[in-house]
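Let's learn to read a protein structure together, one small step at a time. Have the sequence and the picture open beside you as you go.

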Amino acid sequence: MKTFLYEMHKKLNLYILFFCLIMILLPVSAAKAEEREIRVGFANSSKMISSDTVGQDSEYKTGYGYDYLQDIASYTGWTYKYVYGEWSELFELLSEGELDILCGVSYSFARSTQMYFSQKPMGTEGYYIYVKGDNDDITADNIKSFDNKKIGINAGSDKVEKLRNWIILNGINAEVIAADGYNELKSGLMSGKYDAILDTETSENNQFIPIIKIDDSEYYFAISKKYPDIKDELEKAQDKLFSSDPYYNQNLQYKYYRNVSARKILDSDEKKWLNRHMYINVGYLKHMLAFCDEDEETGEPIGVIISR
């Protein structure tokens with residue numbers, strides 16, 4: 001009897017051990033089955049996805065789109081392979097199905113025939129015409145100052161027609177020139193190849209001044225038409241993101257773009273005004289700490305108002 005019970009106990013332990021091994025291995029196998037490598041376009045031209053150098057998958061990456069994709073992957077189980085190139089190259093790869101996802105793409109009907117767009121936008125940005133900081137010829141209050149000027153725009157941008165229509169509507173005689181990539185756009189403005197360029201408000205450059213805003217645009221995930229299942233998975237993950245954080249886009253935008261300002265340097269008129277006014281008188285109220293007050297001993301203002 002004892003031998004029988006011993007054998008039964010031994011078999012029971014083996015069954016329990018086998019069951020535990022199955023329970024441990026099943027989630028791992030499921031996770032591996034869910035893993036899918038997604039090819040993502042990487043244009044090192046903005047805070048969407050950026051790094052110090054381009055062309056190596058092992059390098060450190062950051063950016064609005066990069067963070068967004070990592071959060072999407074927490075629901076989909078995706079891994080990513082980054083494909084490098086200029087915007088025009090990446091659009092072509094996406095259209096041909098050699099790329100799965102491209103971040104930060106503005107919607108247009110023409111593009112929608114070549115690629116899918118996520119139902120929910122990734123964010124919103126404005127488009128400005130920029131000039132060099134020392135440019136005194138082009139001013140916002142004189143629209144005719146754009147006459148006979150060359151305005152550069154990224155060849156892959158859907159704003160080419162917007163810019164041309166804006167020029168026509170304002171009766172301006174200006175030439176629109178497509179640049180072969182974002183780096184050429186910036187260097188062209190610095191070298192004088194372009195008198196002005198069209199760029200987004202999220203672009204950071206301390207040498208350029210925004211003159212006038214011509215458009216606002218929401219931007220989306222663009223997905224290859226060959227993979228509608230990727231679109232479905234991505235949109236389900238976005239729904240879950242917004243369910244847990246209804247202000248997900250705004251919070252991410254604040255993280256990456258809170259220090260981005262459309263105006264970063266003074267234009268020529270503002271510099272002239274400052275040269276004529278060596279001192280600026282600023283009034284403040286007493287007994288308004290922590291905002292402002294007067295030091296009883298020195299008579300100097302104190303508080304947040306004088307913080308640097």
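The questions and answers below walk through this predicted model.

Q: How many salt bridges does the structure hold?
A: Let's start with charge, since side chains of opposite charge can pair when their charged atoms come close. To count here, a side-chain nitrogen of Lys or Arg must lie within 4 Å of a carboxyl oxygen of Asp or Glu. In this structure the number of salt bridges is twelve.

Q: How many residues apart in sequence are the parts tied together by Asp229 and Arg36?
A: The side chains of Asp229 and Arg36 meet in a salt bridge, at 2.5 Å from N to O. Asp229 sits in helix α7 (residues 228-244) and Arg36 in strand β1 (residues 36-42), so this pair ties together parts whose separation in sequence is 193 residues.

Q: Is Asp229 buried, partly exposed or exposed?
A: Buried means under 20% relative accessible area and exposed means over 50%, with partly exposed in between. Asp229 has a relative accessible area of 33%. Its partner Arg36 has 26% and is partly exposed. The value for Asp229 likewise falls in the middle class, so Asp229 is partly exposed.

Q: Which residue is linked with Arg36 and Asp229 in a network of salt bridges?
A: We have just met Arg36 and Asp229 as a pair joined by a salt bridge. A network of salt bridges links these two with one further residue, Glu233.

Q: Lys231 and Glu235 are about how many helical turns apart?
A: Lys231 forms a salt bridge with Glu235, and their closest N and O atoms are 2.8 Å apart. Both residues are buried. They are four residues apart in helix α7, so their separation is about one helical turn.

Q: Which residue does Lys193 meet in a salt bridge, and how exposed is that partner?
A: The N to O distance in this salt bridge of Lys193 is 3.3 Å, and the partner is Glu184. Lys193 has a relative accessible area of 43%, which makes Lys193 partly exposed. At 27% relative accessibility, Glu184 counts as partly exposed.

Q: Which Asp belongs to the patch of negative charge on the surface?
A: The patch gathers Glu89, Glu92, Glu96 and Glu98 together with one Asp. That Asp is found in the loop between β7 (175-179) and α6 (182-191). It counts as exposed, at 53% relative accessibility, and its name is Asp180.

Q: What kind of ring pair do Tyr64 and Tyr219 form?
A: Now for the aromatic rings: the structure holds 15 aromatic pairs. In one of them, the rings of Tyr64 and Tyr219 have their centres 6.1 Å apart and their planes at 70 degrees. Planes over 60 degrees apart count as edge-to-face, so this pair is edge-to-face.

Q: How many residues apart in sequence are the parts that Tyr64 and Tyr219 tie together?
A: Tyr64 is buried, with a relative accessible area of 0%, and Tyr219 is buried at 1%. Tyr64 lies in helix α2 (residues 64-76) and Tyr219 in strand β9 (residues 208-224), so the parts they tie together have a sequence separation of 155 residues.

Q: Which Trp is in the cluster linked by ring pairs?
A: Ring pairs link several aromatic residues here, including Phe42, Tyr66, Tyr80, Tyr82 and Tyr84. The Trp in this cluster is Trp78.

Q: What is the distance between the C-alpha atoms of Gln119 and Gln238?
A: Gln119 is placed in the loop between β4 (115-117) and β5 (123-132). Gln119 counts as exposed, at 61% relative accessibility. Gln119 and Gln238 are 119 residues apart along the chain, and their C-alpha atoms are separated by 9.3 Å.

Q: Which residue in the loop between α9 and β10 has a positive phi although it is not a glycine?
A: Most residues other than glycine have a negative phi. Asn148, in the loop between β5 and β6 (150-154), has a positive phi of about 60 degrees. In the loop between α9 and β10, the residue with a positive phi of about 60 degrees is His287.

Q: Is the peptide bond from Leu289 to Ala290 cis or trans?
A: Most peptide bonds are trans. Ala290 lies in the loop between α9 (268-276) and β10 (293-294). The bond from Leu289 to Ala290 has omega near 15 degrees and is cis.

Terms used
Residues are numbered from 1 along each chain as its sequence is written. This is a predicted model: local features need pLDDT of at least 70, side-chain atom pairs count only at pLDDT 80 or more; totals for chains, interfaces and linings use all residues. Side-chain values use heavy atoms; hydrogens and water are left out. Patches are made of residues with over 30% relative accessible area and no salt bridge: like charges are joined within 9 Å, nonpolar side chains (Val, Leu, Ile, Met, Phe, Trp, Tyr) within 5 Å. Accessible areas come from the Shrake-Rupley method with a 1.4 Å probe; for residues, only the protein chains shown count as cover. Lys and Arg count as positive and Asp and Glu as negative; His and the chain ends are not counted. The place of a charge is taken as NZ of Lys, CZ of Arg, CG of Asp or CD of Glu. Helices (H or I, at least four residues) and strands (E, at least two) are DSSP runs, numbered from the N terminus. Buried means under 20% relative accessible area, exposed over 50%, partly exposed in between (1.4 Å probe, protein chains only). Rings of Phe, Tyr and Trp (its six-membered ring) pair if their centres lie within 6.5 Å; planes under 30 degrees apart count as stacked, over 60 as edge-to-face and the rest as tilted.
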